[in-house]
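Me: I have a structure open and want to learn how to read it. Can we go through it one feature at a time?

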Amino acid sequence: VKNEKVAIVGSGLIGQSWAMLFAGAGYNVSLFDIDPSFVAKAINNIKEQLHELEKSGMLKGALTADEQFGLISGCDNLSTAAKGAKHIQECVPEELELKKKVMSQIDSVADDHTVLSSSTSTLVPSLFTEDLKHRHNALVSHPVNPPYYVPFVEIVPAPWTDKSVVTNTKILLEEIGLKPITMTKEKPGFVLNRIQYAIINECYRLVEEGVVNTEDVDTCMKWGLGMRYAFMGVFETIHLNAEGAKNYCERYAEGMKNVSRDFGPIPSFTGPFVDKMQEEICESIPLDKLAERRQWRDKRLIALAKLKKEM
Ligand code: NAD
């Protein structure tokens, strides 16, 4: 157990995951929400999840579920939550005006050394940290859902964020078991969603054009590309698929350019095709089975995480 504290602002899905990750590494965690009844629910939920993880052998860190749970406390007051925290992780809903308001409330109660970190999925930090007194301590740490099982996190500094704050945040996130990367400049969508949208765009076009159906595209991902990408990245893949990455470019540049020129425009993601696409997917996963399927997903992710631990 460390004698250090972090605060989580917003006790929803993402706030709860951050609380568990920090407690797993021995941090004292203060959990605040605008609605105190949500904090109580979150704390109950966390207790249950920690015990389930312990049972399945997937609890992170050296402490027991009870010990980790003992490090997390609910708080009905932002300044008490923030007091003495080395890091405050903002996890309120994704609306720019709300982010501005909550970050400025956090700013007004934070110590000069406290890092102000937002979980935003889409907003670059300069949009909502410019006027903060502690703006040199502010950045984005964007996790991936569900963060307890998917360790990737992207750190996005604003132009005014101190270099040391970026470095120390990376060290902290590694310490709680995550795999952070740091962007050197702001880009909409950060890294993960830019790559994800490139994939979604082409999958969508292939189905909209009637080349294959949704199931075929998903088969390609889970039995083709995904097999590799579960344990190595794009650059390692091309490096191994030829006599090195440079040789891959020499061999395949023409083909890659020709195929890329054939890509269609950005899809509209509206209109009758969207209904047809959904209908098709609902044949195997009806809308009232989504919760069940998410549980299945989390179990598969746990199994994959176990496998990757052995790598
Ligand atoms: P959520 O709706 O589950 O939780 C948000 C919580 O914030 C709620 O409990 C709400 O009561 C609380 N809240 C609202 N206003 C507040 C205020 N003024 N002060 C304190 N608390 C307040 O949302 P979520 O899915 O946990 O997402 C939170 C953030 O994390 C968003 O920015 C989202 O984009 C980002 N994120 C979400 C995911 C995801 O897949 N859900 C993944 C990565 C990042």
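**Around the ligand**

Reply: Start here, and keep in mind that this is a predicted model. The ligand has 22 residues around it, and those that come nearest are Gly 10, Gly 12, Ile 14, Ser 121 and Asn 145.

Me: Which helix and which strand each supply at least two residues of the shell around the ligand?

Reply: They are helix H1 (13-24) and strand S6 (138-143). H1 gives the most, with 3 residues.

Me: How many residues of each class does the shell have?

Reply: Sort them by class. There are 10 nonpolar, 9 polar and 3 charged residues in the shell around the ligand.

**The sheet**

Me: What is the order of the strands in the sheet?

Reply: Read across the sheet, not along the chain. The order is S3-S2-S1-S4-S5-S6-S7-S8. This is an open sheet of 8 strands with mixed pairing. Strand S3 (72-75) and strand S8 (179-182) stand at the edges. Each has a single partner strand, so one side of each lacks a neighbour in the sheet. On average, neighbouring strands are turned by 25 degrees against each other, direction ignored.

Me: What packs on the sheet?

Reply: Helix H5 (residues 96-109) does. H5 touches strand S1 (5-9), strand S4 (87-90), S5 and S6. The direction of H5 makes about 160 degrees with that of S5.

**One strand up close**

Me: Let us take S6. In which sense does S6 pair with S5, parallel or antiparallel?

Reply: Strand S5 (residues 115-118) and S6 pair in the parallel sense, over 3 bridges. On the other hand, S6 and S7 run antiparallel and are joined by 5 bridges. Now pick Val 140 in S6. Ser 118 stands opposite Val 140. In S7, Val 156 is the bridge partner of Val 140.

Me: How many residues of S6 are buried?

Reply: Count neighbours first: a residue is buried if 20 or more other C-beta atoms lie within 10 Å of its own. In S6, 6 of the 6 residues are buried, so the strand is largely enclosed by the rest of the structure.

Me: And what about its two faces?

Reply: Side chains in a regular strand alternate between the two faces of the sheet. In S6, Ala 138, Val 140 and His 142 are on one side. Leu 139, Ser 141 and Pro 143 are on the other. These residues are all buried, and both faces of S6 are covered.

**Unusual backbone**

Me: Where is there a cis peptide bond?

Reply: Look at omega. The cis bond joins Asn 145 and Pro 146, with omega about -10 degrees. Pro 146 lies in the loop between S6 and strand S7 (152-157). Asn 145 is also one of the residues that come nearest the ligand.

Me: What is the phi of Phe 190, and where does this residue lie?

Reply: Phi is near 55 degrees, a positive value in a residue other than glycine. Phe 190 lies in the loop between S8 and helix H8 (192-208). Phe 269 also has a positive phi, about 55 degrees, although it is not a glycine. Phe 269 is in the loop between helix H11 (245-261) and helix H12 (272-284).

Me: Does Phe 269 count as buried or exposed?

Reply: Phe 269 has 12 C-beta neighbours inside 10 Å, so it counts as exposed. Phe 190 has 21 inside 10 Å, so it counts as buried.

**The whole chain**

Me: How many helices and strands does the protein chain have?

Reply: It has 13 helices and 8 strands. The radius of gyration is 21 Å, close to the 19 Å that the globule rule gives for 311 residues, so the chain is as compact as a globular protein of that length.

Terms used:
Residues are numbered from 1 along each chain as its sequence is written. This is a predicted model: local features need pLDDT of at least 70, side-chain atom pairs count only at pLDDT 80 or more; totals for chains, interfaces and linings use all residues. A residue is near a molecule or strand if its C-beta atom, placed from the backbone, lies within 6 Å of it. Helices (H or I, at least four residues) and strands (E, at least two) are DSSP runs, numbered from the N terminus. Ala, Val, Leu, Ile, Met, Phe, Trp, Tyr, Cys and Pro count as nonpolar, Asp, Glu, Lys and Arg as charged, and the others, Gly among them, as polar. Two strands pair if DSSP finds at least two bridges between them. Axes are lines fitted to C-alpha atoms, for helices over the stretch in contact, and angles run from 0 to 180 degrees between N-to-C directions. Two residues are in contact if their C-beta atoms, placed from the backbone, lie within 7 Å. The radius of gyration is taken over C-alpha atoms; the globule rule is 2.2 Å times the number of residues to the power 0.38.
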